[in-house]
Amino acid sequence: MSLPGRGEALGILRDAGCSRGVVRHCVNVAGLAARIGGELVDAGFDVDLALVEAGALLHDLGRSVTHGIGHGAVGGELARGLGLPLAVVRIIERHVGAGIPADEALELGLPVGVYVPDSLEEKLVCYADKLAEGAGEVEFGVTVGRMAEELGEDHPAVARMWALHGEIVGMLGSR
Ligand SMILES: [Fe+2]
């Protein structure tokens with residue numbers, strides 16, 4: 001399958017059985033990712049905005065099955081089954097938290113795979129997801145604060161969140 005456009009991506013979410021709330025969240029993330037992606041392009045970075053839109057719209061495809069930490073892996077599997085481009089599959093698989101390194105993925109019982117965002121498009125969708133709240137936006141620190149409350153301040157996932165934030169903000173500031 002070639003890169004799905006907006007209508008096609010939304011159809012995939014609905015056909016998979018994603019709730020209206022999940023679809024709304026995905027649309028919000030796509031809007032935030034498009035805005036930041038545009039800023040990155042303005043800052044001179046090469047961003048595939050069509051891929052970002054498709055990936056952002058589909059990033060929570062796995063929530064049609066589970067809202068657990070495995071929803072990225074499940075979504076990736078669904079996306080592979082639908083024949084979606086690998087670049088989209090990777091965005092889906094790598095968007096949870098600020099990425100899940102191999103040792104933690106193993107501990108969590110996730111299928112063997114790579115769950116750390118690598119490409120700029122993967123990082124961008126992962127980041128925009130952390131800014132989305134309902135139909136609106138929150139400060140990145142609010143999301144990190146919630147994560148710290150849930151996992152503990154010292155959990156490495158918290159430091160990874162700030163590292164991702166620093167990377168994106170650093171790129172935006174390099175204009
Ligand atoms: Fe998600």
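**Close-up 1. The exposed and buried sides of helix 1.** G7, G11 and D15 are exposed on one side of helix 1, where exposed means that 12 or fewer other C-beta atoms lie within 10 Å of a residue's own. This is a predicted model, in which local features need pLDDT of at least 70 and side-chain atom pairs count only at pLDDT 80 or more, while totals for chains, interfaces and linings use all residues. Residues are numbered from 1 along each chain as its sequence is written. Helix 1 covers residues 6-16, and its A9, I12 and L13 are buried (20 or more other C-beta atoms within 10 Å, with those between the two limits called partly exposed and C-beta atoms placed from the backbone). Looking down the axis of helix 1, you will find its buried residues within an arc of 95°, so they line one face of the helix; the arc is that of the directions from the helix axis to the C-beta atoms. Helix 2 and helix 3 are among the elements covering these buried residues. Helices here are DSSP runs (H or I, at least four residues), numbered from the N terminus. Just after helix 1, G17 has a positive phi of about 100°.

**Close-up 2. V52 and its contacts.** V52 sits in helix 3, residues 49-58. With 25 other C-beta atoms within 10 Å, V52 is buried. Beyond its neighbours within four places in sequence, V52 is in contact with A33, A34, G37, V47, E121, L124 and V125; contact means C-beta atoms, placed from the backbone, within 7 Å.

**Close-up 3. Helix 5 against helix 7.** Helix 5 (residues 86-93) packs on helix 7 at an angle of about 40°, and their axes are 9 Å apart. That makes helix 5 oblique to helix 7, since oblique covers whatever is left after angles under 35 degrees (roughly parallel), over 145 (roughly antiparallel) and 65 to 115 (roughly perpendicular). Axes are lines fitted to C-alpha atoms, for helices over the stretch in contact, and angles run from 0 to 180 degrees between N-to-C directions. From helix 5, A87, R90 and I91 meet E121, E122 and V125 of helix 7.

**Close-up 4. The two faces of helix 9.** V158, M161, L164 and I168 are buried in helix 9. Viewed down the axis of helix 9, the buried residues fall within an arc of 125°, so they line one face of the helix. They pack against helix 2 (20-42), helix 7 (120-131) and helix 8 (140-151). The face turned away from this buried side carries the exposed residues A163, G166, G170 and G173.

Conventions: Two residues are in contact if their C-beta atoms, placed from the backbone, lie within 7 Å.
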